[in-house]
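Work through the exercises below with the sequence and the coordinates at hand. Each task is followed by a solution in steps.

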There are 2 protein chains.
Amino acid sequence: MSNKTQTVGEFLFDYLHKQGVNHAFGIPGDFVLGTCRWLEKSPIEFINMTHEPSVGFAADAYSRVTGGLGVAVVTYCVGGLNMVNSIAGAYAEKSPVVVISGGPSPSDRRNDSLIHHKVRTFDTQRRIYDEVTCASTVLLDPETAADEIIRVVAAAKANSRPVYIEVPFDVTDMPIKAPSLHASKVAAPVSDKDSLAAFVAQAAAFINQAKQPVIVADVELHRLGLTDLAVEFAKKFNFPIASTLLSKSVISDKNPLFIGTYSGTLSLPVVKDYVESSDCLIMLGAFISDVLYGFTKANIQRNNTILCTSEKASIGHQHYEGIVLKEFIEALLAAPITPRAGFDHPNPYAPYPALTDAQRAEQVDSDSFFEIIEQGMPDNTIITSDTGDALLGAIGLRTTKRNTFIAGAYYLSMGFGIPAAIGACAANLGGRVMAMVGDGAFQMTGLELSTAAKFGYNPIILLLNNDGYGTQRGIIDGDFNKLQQWKYTKTTDLIGYGKGVTVQTKGELESALKAAVADTDNLHFIEVMIPKGDCSRSLKRVGEGLAEQRDATKRQKTPA
Amino acid sequence: MSNKTQTVGEFLFDYLHKQGVNHAFGIPGDFVLGTCRWLEKSPIEFINMTHEPSVGFAADAYSRVTGGLGVAVVTYCVGGLNMVNSIAGAYAEKSPVVVISGGPSPSDRRNDSLIHHKVRTFDTQRRIYDEVTCASTVLLDPETAADEIIRVVAAAKANSRPVYIEVPFDVTDMPIKAPSLHASKVAAPVSDKDSLAAFVAQAAAFINQAKQPVIVADVELHRLGLTDLAVEFAKKFNFPIASTLLSKSVISDKNPLFIGTYSGTLSLPVVKDYVESSDCLIMLGAFISDVLYGFTKANIQRNNTILCTSEKASIGHQHYEGIVLKEFIEALLAAPITPRAGFDHPNPYAPYPALTDAQRAEQVDSDSFFEIIEQGMPDNTIITSDTGDALLGAIGLRTTKRNTFIAGAYYLSMGFGIPAAIGACAANLGGRVMAMVGDGAFQMTGLELSTAAKFGYNPIILLLNNDGYGTQRGIIDGDFNKLQQWKYTKTTDLIGYGKGVTVQTKGELESALKAAVADTDNLHFIEVMIPKGDCSRSLKRVGEGLAEQRDATKRQKTPA
C-alpha cells in the first residue's frame with residue numbers, strides 16, 4: 001500500500017485514467033456530486049452535458065473513436081434510468097462504456113428508508129442495468145471497492161460491453177484499501193486446441209477449393225483490436241475485403257483490397273452482387289442481423305460461409321465450440337492456404353465528377369447530398385451518423401481513414417448522431433467532426449449542441465430535412481410521421497454559438513460545406529432541404545423490403 | 001361474440017377508450033407503426049411527440065390531471081428503453097400509465113433472429129419494465145390477447161401503477177378473440193375484518209385523547225379516488241388538513257380546514273410548527289420519504305402518528321395487517337369520535353399585498369417570483385412544476401382548484417415540467433396550463449414545446465433562469481453545475497410558434513404574466529432572470545440540510 005491513501009472516488013478516476021480514459025461524460029445530481037468532485041480533481045476532463053440519453057451516446061462514440069473505454073457519470077435512478085437506451089445500444093453493438101452512478105448510502109439501505117429517486121427497491125437500477133451490461137457492482141464496502149472496480153473494468157474490456165459501477169454518495173469519500181495482488185490479472189481467453197485445429201483445417205480446405213473468397217470484416221474486429229490482423233490475413237492471400245454498415249470504416253477505402261460496404265438490400269448493387277455470389281464468405285466478427293445482412297430475406301447462403309465471432313464459429317451448418325476469434329485469424333495466417341494471383345474484384349468507387357453549373361442550380365436530393373459531402377470533406381473527417389436516411393444513404397460514402405464513421409447501424413436508435421459528435425469532438429483526434437442527422441432525430445437530441453458551445457467544439461452539422469419521419473413513410477404512413485417544422489438554423493441563436501445556413505441547391509450545399517471546412521473556429525450548422533418524399537436509393541430498397549415483409553407475414557398469419 | 005371481429009390493435013384502443021382514455025402520447029417506430037395506424041383510426045387522439053422521455057412524463061401528467069389512465073405508445077427497445085426513467089417515476093409516485101410497445105413477431109422469436117433494436121434477448125425490454133410496472137404482457141397469441149389486455153389494464157387501475165403491453169408488429173393486425181366472461185371482473189380489495197375493527201377502535205381512542213389532531217392528506221388519496229371521503233371525515237369532526245408537496249393540490253386552498261402544505265424542512269414555518277407539534281397526525285395515503293417529510297432528520301415523532309396507506313397501517317410502533325385504506329376512512333367516519341368545537345389552526349395564507357411602484361422596479365428573485373405568480377394567475381390554472389427551485393420554492397403557492405398542481409415531488413426527476421404541461425394541455429380541462437421550470441431542466445426536455453406548437457396549445461412557460469444547477473450549488477459546487485447560457489426566448493423562433501420575453505424586475509414579470517394570461521391564443525414563454533446564487537427560502541433550508549447530512553454521514557463513516 002502506498003503512503004498516500006486514496007478515497008474510493010479518487011481511486012476510481014485515477015484507475016480509469018491509467019486505462020487510457022481522458023474524458024468522461026455526465027450530468028451531476030445530488031447522489032453523485034461527491035463523485036463529480038473527485039472527477040473534477042482527476043486528470044480526466046469532465047464533459048458535462050444537458051440530458052442523460054446524450055451522455056450514454058457520447059460515451060459510446062468516444063469509445064468507438066478512441067478504441068478504448070467510454071465513461072458516463074450519472075446520478076441515481078433519475079439519471080441512470082434515463083440512459084438505459086443508450087447503454088442498451090452500447091451493449092448490442094459491443095461498446096465498452098463504464099456507467100458510474102451515484103447511489104444511496106449503505107446505511108440508508110440498512111434502514112430501508114424511502115429516499116427520493118428510489119423506485120421499487122434500492123436495487124431497481126442495478127437490476128435494470130444487469131440487463132444491458134456484462135458486469136456490475138455496488139461499492140458498499142471501501143475494503144473491497146478497489147478489487148471490484150478492477151474486476152468490472154476488466155470485464156468491460158474483455159467483453160467489449162458496458163458495465164455498471166454504483167458509488168454510494170458517502171462511500172466515494174471514504175479511504176480505499178489497496179487492490180489485492182491478483183485483482184488486475186485477467187486471463188486472456190484461450191481456444192480449445194483440438195477444436196481450433198479442426199476448424200482451421202476445414203476452413204483452409206474450404207477456402208482453397210473456392211472460386212471467389214471474400215472477407216467480411218465486421219464490427220468485432222474493431223472492438224477487439226483485430227483489424228490489423230485481419231488486414232494482414234487478407235493481404236497475405238490477396239483476398240478482397242468488404243465492411244458492413246456497422247463496421248463501415250474498419251478498413252480504409254484506400255486499401256486496394258477493399259471492395260466496399262455490404263449490408264444486404266442496402267448495398268450498392270456491384271458490392272451486393274460480388275459478395276452474394278461468393279462461394280466462400282469469410283465472416284469475421286459479424287453481427288448477422290436483419291438490417292446489416294438483408295432486411296427481408298436471407299441474401300447469403302449459409303453453405304457458403306465461414307463464420308467466426310466472439311460467440312460462434314461455423315462452416316456452413318457445422319459448428320465448432322471453444323474458438324477464440326483472434327487465435328482463429330492467427331491460425332489462418334499460418335495455414336496452408338494458396339494465395340490468389342491478383343485482384344479480380346470490382347472497384348465500386350470511381351470518384352464523382354465535379355458538379356457542372358447546371359447541376360449546381362438543381363435542388364439537392366438524398367443521393368446527391370452524399371456525393372457532394374464525399375467530394376467536399378477532408379480525408380481525416382470523422383463522421384457520426386444518425387439513424388434514418390443519414391445512415392442508410394451513407395452506405396456508399398467513402399471514408400479513407402479508419403474508425404472515422406460512427407453509427408448505431410445494428411441497434412438503430414434515433415438521436416445518436418449529435419451526442420456522438422460531442423463524444424468524437426471531446427476525443428480530439430485531429431480530424432474535423434461532421435454529424436449527419438435527420439430532422440426527426442435532431443428533435444430528439446439535437447440541442448445537445450449546447451455542449452459543443454460550452455466546450456468550444458467546431459463540428460459541422462448536416463441536417464437532412466425531409467419534413468418528418470421519412471424512413472417510416474415507406475413502411476406505413478400516417479399523420480404520426482409528421483413533425484412540427486422547426487426553423488432549424490435558429491438552433492445557433494438559441495445556444496448562442498455557431499453559424500447556421502439553409503441550402504436548397506447542390507451548389508449551395510457545395511459552397512456551405514466549403515465555407516464550413518475552411519472555418520475551423522466555429523460550429524457550422526447546414527440545413528439541407530430534401531424534397532418531401534425523396535429518399536436515398538438504399539432507403540427506397542429498404543422501405544420496399546420492409547413493407548413487403550410485413551405484408552408477407554400478415555398473409556402467412558391472418559386467416560383468410 | 002359480436003358480428004364484427006376486431007383486430008388486436010383495434011380492440012386495444014377501443015377498450016382503452018371505454019376506460020375513459022381520450023388521448024395517447026407517443027412516437028412511432030417501425031415495430032409499432034401498425035399499432036399507430038389502429039390508434040389513428042380509433043376515437044383516441046394520438047399526440048405524437050419528439051422524444052420518448054417526454055412521452056412518459058406527458059402520459060403520467062395526463063393521468064394525474066384526469067384521474068384516469070395515461071397511455072404511452074413507443075417502439076421496441078429504442079423507444080421503450082428511452083422511457084424507463086419516466087415510467088419509473090410513474091411507478092414511484094403511483095400514476096397508472098399504460099405503456100404500449102411494438103415488438104418483434106412471434107416467428108422472429110421462434111427463430112431467435114438477430115433483428116435490429118434487440119439488445120440481449122427478445123425479453124430484455126419486458127424484463128426491464130417488470131422492474132418499473134405492476135403487470136406486463138407480450139401479446140404473442142391473438143386468442144388470449146383480449147383477456148391479457150383486460151387483466152393488465154385492471155392491474156394498472158387497481159394498483160394505480162404503470163403496466164406494460166407489448167404488441168408484436170404483425171399480431172396488431174390479427175383478428176382478436178372476444179374476451180372471456182370473467183376477464184373484466186377484478187375483485188376490490190377487502191380488509192381483514194377483525195384487524196380493521198381493532199385498528200379503528202385504537203385510532204378513535206388515540207384521536208379522542210389528542211389535543212391537536214391533524215390530517216395529512218397525501219398522494220394516495222388522489223390516486224385511489226378517496227379525496228372526497230377524506231374531506232368528509234375532516235369536515236365531520238372539524239380536523240385541520242395539510243397536504244404534502246406530492247399531494248399539494250389534493251385539497252383546495254379555499255377549504256376552511258386546509259392549513260397548508262407540509263414537507264418537513266421545506267414547509268412554511270407556521271405550517272411546519274403546527275404539524276410537527278401535533279400529538280395525533282392522521283397520515284392518509286402518505287409516502288414517508290426524505291424530501292417530503294424532512295430531508296435531514298425525522299421531524300415527526302412516530303409515537304404521534306396514525307398511518308394508513310395501501311401498504312401499511314400503524315399507530316405509533318404498532319402495526320396492523322390486512323387494512324384497506326378506503327375501508328379505514330369509512331370506518332373512522334362511523335367511529336365514536338368526538339368532533340372538535342371550532343378551528344384553532346393557523347391560516348398561513350394572507351393574500352399578498354399589491355406591488356408598490358418601488359417594488360416593481362426591483363430585481364425579481366425566487367421568493368417574489370412565486371408571490372407575483374400567485375397574484376397573477378387565474379383560479380383554474382393548472383401548474384406543472386419541474387424539479388429544482390421551480391418545485392421546492394412552490395410550496396407556498398396557493399392553488400384553489402383540486403388536482404391542479406402537478407409535480408414529481410417524490411421521485412424528483414428533472415425534465416418533467418414541460419412534457420407534463422403537454423399532457424395537461426392535451427387533457428383540455430378548461431384552465432390555462434402553466435409550466436414552471438429551471439434552466440437545467442429546460443435544457444433536458446424544454447424543446448418538447450414543439451408538440452405544443454404542433455397541436456396549437458397555449459401554455460404559459462415560466463423559465464426560472466438562475467444560471468446553472470442552482471439546487472445543487474447549495475450541496476456541493478463545482479464547474480459541473482455550470483450550463484451553457486442559452487438565449488432561452490429564442491425557443492419560440494426555433495419551433496416557429498409562441499411569444500417570448502425576458503424579465504428582470506418584479507414589474508416586468510407582473511406585466512408579462514398579465515399579457516400572457518390575457519392572450520389565450522398563444523404559447524407564452526417568460527424567461528425570469530433570477531440572480532445567480534439566489535434561491536427560495538425553502539431551497540436554502542434544504543441545501544443547508546443536505547450538506548449537513550452529508551457531513552454528518554462522513555464524520556460517522558470516515559475513520560479519523
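**Exercise 1. The interface**

Through which surface do the copies meet, judged by the interface residues of chain B and chain A?

Solution. The model is predicted, with an ipTM of 0.92 and a pTM of 0.93.
- Step 1: list the contacts between the chains. Here 79 residues of chain B are in contact with 79 residues of chain A.
- Step 2: assign the chain B side to elements. Those that contribute two or more residues are α2 (33-41), β2 (45-48), α4 (84-92), α6 (124-130), α17 (439-445), α18 (449-455), α20 (491-495) and α22 (537-557) of chain B.
- Step 3: sort that side by class. The side of chain B that touches chain A holds 37 nonpolar, 24 polar and 18 charged residues.
- Step 4: compare the two sides. Of the interface residues of chain B, 100% are also interface residues in chain A, so the copies meet through the same surface.

**Exercise 2. The symmetry operation**

Determine what turn and what shift lay chain B on chain A, and find which residue of chain B comes closest to the rotation axis.

Solution.
- Step 1: recall the general form. Two copies of a chain are related by a rotation about an axis and a shift along it.
- Step 2: superpose. A turn of 180 degrees with a shift of 0.0 Å along the axis lays chain B on chain A, and the RMSD is 0.0 Å.
- Step 3: interpret. The two copies are therefore related as by a two-fold rotation axis.
- Step 4: locate the axis. B:I128 is the residue of chain B that comes closest to the axis, its C-alpha being at 2.7 Å.

**Exercise 3. An open sheet in chain A**

Give the order of the six strands in the open sheet that contains β1 and β2 of chain A, and identify its edges.

Solution.
- Step 1: read off the order. The sheet runs β2-β1-β3-β4-β6-β5 (chain A), and the pairing is parallel.
- Step 2: find the edges. β2 (45-48) and β5 (135-138) of chain A each have a single partner strand, so one side of each is left without a neighbour in the sheet.
- Step 3: take the twist, which averages 20 degrees from one strand to the next.
- Step 4: check one pair. Strand β1 (residues 23-26) of chain A pairs with β2(A) in the parallel sense over four bridges. Within β2(A), A:F46 is the bridge partner of A:A24.

**Exercise 4. An open sheet in chain B**

Repeat the analysis for the open sheet of chain B that contains β14 and β15, then place helix α21 of chain B against the strands.

Solution.
- Step 1: the six strands follow the order β15-β14-β16-β17-β19-β18 (chain B), with parallel pairing.
- Step 2: β15 (405-407) and β18 (499-503) of chain B are the edge strands, each pairing on one side only.
- Step 3: from one strand to the next the twist averages 15 degrees.
- Step 4: β14 (residues 382-385) of chain B and β15(B) pair in the parallel sense over three bridges. B:S385 stands opposite B:A407 in β15(B).
- Step 5: helix α21 (residues 506-518) of chain B lies across β17 (460-465), β18 and β19 (524-529) of chain B. The helix runs at about 170 degrees to β19(B).

**Exercise 5. Domains and confidence**

Into which domains is chain A divided, and where does pLDDT stay under 50?

Solution.
- Step 1: chain A is divided into domain 1 (8-173), domain 2 (193-333) and domain 3 (357-543).
- Step 2: the C-alpha centres of domain 1 and domain 2 of chain A are 35 Å apart. Their contact takes four residues from domain 1 of chain A and six residues from domain 2 of chain A.
- Step 3: on the domain 1 side of that contact in chain A there are no nonpolar, two polar and two charged residues.
- Step 4: chain A has an average pLDDT of 90, and 92% of the residues score at least 70. Over residues 555-560 of chain A pLDDT stays under 50, and the model has four contacts beyond four places in sequence for them.

Terms used:
Residues numbered from 1 in each chain as written. Chains lettered and ligands numbered in written order. Predicted model: local features only at pLDDT ≥ 70, side-chain atom pairs only at ≥ 80, totals over all residues. Least-squares fit on C-alpha atoms with pLDDT ≥ 70 in both. Contact = placed C-beta atoms within 7 Å. Pairing = 2+ DSSP bridges. Axes fitted to C-alpha atoms, helices over the stretch in contact; angles between N-to-C directions. Domains from an automatic or database assignment. Nonpolar A, V, L, I, M, F, W, Y, C, P; charged D, E, K, R; others polar. pLDDT = per-residue confidence, 0-100.
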